[in-house]
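Please open the model in your viewer and keep the sequence panel visible beside it. The tour below moves from stop to stop, saying at each one what to select and what can be found there.

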Amino acid sequence: MVIKVLTGNYAVAEAVRLSNVDLITAYPITPQTTIVERLSEYVDLGVIKSRFVRVESEFSALAVAYGAALCNARVFTATSSHGLLYMHEMLWWVAGSRIPIVMAVVTRSIGPPWNIWNEHSDFMDQRDCGWLMAFAENNQEVLDTTIQLFRITEDERVYLPGMLGLDGFLLSHTSEPVDVPEEHIVKSFLKPRSQPYSMCGTELITLGNLPKAEDHMMMRYDIQVSMENAKKVIKEVDLEYSKLTGRSYGGLVECYRCSDSSYLVVGMGGWVGTMKDVCDELRDLGYKVGVLKIRFFRPFPEEDIIEVLRSVKGVLVFDRSISYGSLGHIHAEVLARSYRLGNRPVVKGIIAGLAGVDVGVKEFMNSIVGFVNEVEERGYVEKYSEWLLPG
Amino acid sequence: MLRIQDLPKDKYLLPGHTACPGCPEALGLRYLGMALGKDIVLVVPASCSSILQGTMPGSSLAMRVVNVPFASAAAVASGIANIKELVGGNVVPVVWAGDGATADIGFAGLSGSAERNDDLIYVCVDNEAYMNTGIQRSSLTPYGAWTTTTIKGKSEDKKELPLIMLLHKIPYVATASIAFPIDFISKLRKALNIRGFKYIHLHAPCPTGWRFDPSKTVEVARLAVESGAWILFEAEGGRVRLTPPSNTYLDKSRRKPLKEYLSIQGRFRSLRDEDVKVFEKLVDSTWELIIKFT
Ligand SMILES: Cc1ncc(C[n+]2csc(CCOP(=O)(O)OP(=O)(O)O)c2C)c(N)n1
Ligand code: SF4
Ligand SMILES: [Mg+2]
């Protein structure tokens, strides 16, 4: 066991160093940049044996990664914000080809105006592409989930690419002690690269020529089936990883003080840590609150959520992104699942922390207490979706 | 000197492909297979060549083919090129991309891969418009040509992509024509034996888009060269060498009249005499430009 003090970005780089990656390619964008710099250094100094392709755009980064991965290489890339949006077409192509690739997404606002601070809109903008989508709460989880994603994406029951979200600056540039597993442990955990086919093998394969509509629809269906399979694989992998390292994250969601709670706060990413602190304080004040952390947004943890919603009176969902004209992304998902219950809790959504606006203990405290009191008094809430505006 | 009878008899473009009759891209793919054989991993961005493969699970191309997004071909091939030694086996990444994919939407990726000097062969099959979407102008559509988005004839000149690629200081650049298959095949084979980024620009007259009879594809392509409208050359180490028969057309008096080339194509139907003069001036200036690099 080695404890290193690492920023989120360096935790990503450490994970990649340990994961026996054949090719790394990336294009710099704040706040992802230090991942690229560190990995580029590792390659140049011979710390890792990977190739590093210094591309001219993010679109090409994912295209290069895809080309290499088509030929049975384990690849890695990372980006943020505008870079991720620039990759969008390739994201679909990679998933549709069933080619495992792992990418880190250091979340950041989308302009205009130019803004490097954190929110989750870039990440959420990719939710329909067919990628597995994980999000980390802290730098330890950044490292662990990056390693796990190689294993999950390369599982034959899954064979889909996966991205790991981490909050720009809040995690990417904040140092925390991180337990870095030893090389041989990661090596035994990650099996050799596995994928459904290789374009550099002896088989004559044509990939992606015109389909019959029926065949194409079946391919789409297969992706959905694999997303369902991935739920099981994610849990298995979490269990196996915890046996090797002592760290488990509960699979697709982590439930904090959920078992006896009457109210749930739902969130994803770094601010879940603050939510947990607030939860502890509220418990001391007699509020029976728990926190549900979304660890995987795709596949969405439907069953887990229905299970925990069953026994609560109210759910307050915090989103760091909004689908304009509709709801926060997580709110909409949770709300839809709540309708599977006969006796459903009140589900309210709060849009907060966009564009890098700070959300701290005080803001969470006020929102949660206000929500709990309102539900206790009336049994419903006046506003089912609300913005926590600055000032 | 390569002779036609020495070429392999293996067929890489199979009967039943779905290109138009007289399709230059189909012809070109046949020559590509003859030149490089089964080691090719062909990367094809959206184009007529993605369609002519036919419907899965079949394919009219007896080689490994990766169809990719319109702008991504050079970068995908770059990924393959960067990993091919590691995975072993015989892998020659070849991009087969239209003028639109090459000169327009995929240009940044092409330029990036060339600058990195990735070990691959990039073939631009230039039919001088976006044919797959129904004949729209590209930056390689020549002056005066009708397309569905230039109904009065294009008012700009074709950009000089082979020279632009030459200025990327890559080890090999060549132009070719589907009317001169031995020349094209020889250039491909030469490219195969050079390490780094190789760019070959194949002139490919398209009967559907250029409005001529499908039996005349090769004739039109030959006239392009004989009239001096398309110039065959290769460049190694930054120096251009005109290749036959274009070397003889350096002497303008030996060229066929441009009008002969233009009038055979419906897309130039509405060119007036003064437009033909402008066209001629543009051709002359292209020659002057290329000669500067010899
Ligand atoms: C991003 C994107 N934009 C537009 C298209 C539509 N599209 C498909 S092929 C094509 C034109 C291809 O032109 P070119 O590269 O010259 O090849 P050709 O069809 O002439 O063989 C276009 C515009 C697309 N597939 N992807
Ligand atoms: S439009 Fe031209 S290039 Fe396209 S398939 Fe038809 S003949 Fe070939
Ligand atoms: Mg074209």
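**Where the two chains meet**

Begin by selecting chain A and chain B together, bearing in mind that this is a predicted model, and look for the salt bridge between them, of which the count is one. To display it, pick the side chains of B:Arg116 and A:Glu56, which meet in this salt bridge with a nitrogen-to-oxygen distance of 3.0 Å. Across the same interface of chain A and chain B, twelve residue pairs are in polar contact, with both residues of a pair at pLDDT 80 or more.

Next, colour the side of chain A that touches chain B by its elements: those that give two or more residues to it are β3 (51-54), α3 (58-70), α5 (88-96), β9 (206-207) and α9 (213-245) of chain A. Among these, α3(A) gives the most, with eight residues. If you then colour this side of chain A by residue type, you should find 21 nonpolar, six polar and eight charged residues.

How many residues of each chain take part in the contact? The contact involves 35 residues of chain A and 35 residues of chain B. In general, the size of an interface is often expressed as the accessible area that is lost when the parts come together. Here the area buried between chain A and chain B is about 2,700 Å², and carbon and sulfur atoms give 66% of it.

**A sheet that includes both chains**

Now select β9(A) along with strand β2 (residues 64-68) of chain B, and notice that the two run parallel and are joined by two bridges. Within this pairing, A:Thr206 stands opposite B:Val65 of β2(B). As a general point, the strands of a sheet pair through backbone hydrogen bonds, in either a parallel or an antiparallel sense.

Extend the selection to the whole open sheet, whose nine strands follow the order β9(A)-β2(B)-β1(B)-β3(B)-β4(B)-β6(B)-β5(B)-β7(B)-β8(B), with mixed pairing. The edges are held by β9 of chain A and β8 (239-242) of chain B, each of which has a single partner strand, so one side of each is left without a neighbour in the sheet. Elsewhere in the sheet, strand β5 (residues 172-177) and strand β6 (residues 197-203) of chain B pair in the parallel sense over six bridges, and there you can find B:Thr175 opposite B:His201 of β6(B).

**The magnesium ion**

Which protein atoms serve as donors to the magnesium ion (ligand 3)? Select the ion and you will find B:Asp99 (OD), B:Asn127 (OD1) and B:Ala129 (O), lying 2.0 to 2.1 Å from it. Along the chain, these donors follow the spacing D-x27-N-x1-A. Two of them link distant parts of the chain, since B:Asp99 is in helix α4 (residues 99-105) of chain B and B:Ala129 is in the loop between β4 (120-126) and α6 (161-166) of chain B, 30 residues apart.

**A salt bridge within chain A**

Over all chains the count comes to 57 salt bridges, and one worth displaying is formed by the side chains of A:Arg157 and A:Glu236, at 2.9 Å from nitrogen to oxygen. This pair also links distant parts of the chain, with A:Arg157 in the loop between α7 (139-153) and β7 (162-167) of chain A and A:Glu236 in helix α9 of chain A, 79 residues apart.

**Backbone details in the loops**

For the last stop, show the backbone atoms, and keep in mind that most peptide bonds are trans and that most residues other than glycine have a negative phi. The peptide bond from A:Pro112 to A:Pro113 is cis, with omega near -5°, and A:Pro113 is found in the loop between β5 (102-107) and α6 (121-124) of chain A. In chain B, a cis peptide bond joins B:Met56 and B:Pro57, with omega about 5°, and B:Pro57 has its place in the loop between α2 (48-51) and β2 of chain B. Finally, select A:Ala355, a residue other than glycine whose phi is positive, near 60°; A:Ala355 lies in the loop between β15 (346-351) and α13 (361-378) of chain A.

Methods:
Residues are numbered from 1 along each chain as its sequence is written. Chains are lettered from A and ligands numbered from 1 in the order in which they are written. This is a predicted model: local features need pLDDT of at least 70, side-chain atom pairs count only at pLDDT 80 or more; totals for chains, interfaces and linings use all residues. Side-chain values use heavy atoms; hydrogens and water are left out. Contact means heavy atoms within 4.5 Å. Buried area is the accessible area (1.4 Å probe) that two parts lose on being put together, summed over both. A salt bridge is a side-chain nitrogen of Lys or Arg within 4 Å of a carboxyl oxygen of Asp or Glu. A polar contact is a pair of N or O atoms within 3.5 Å; within protein, one must be able to donate a hydrogen and the other to accept it, and residues adjacent in sequence count only if both atoms are side-chain atoms. Helices (H or I, at least four residues) and strands (E, at least two) are DSSP runs, numbered from the N terminus. Ala, Val, Leu, Ile, Met, Phe, Trp, Tyr, Cys and Pro count as nonpolar, Asp, Glu, Lys and Arg as charged, and the others, Gly among them, as polar. Two strands pair if DSSP finds at least two bridges between them. Donors are N, O and S atoms within 2.8 Å of the metal (3.2 Å for Na, K and Ca); water is not among the atoms, so sites may look incomplete.
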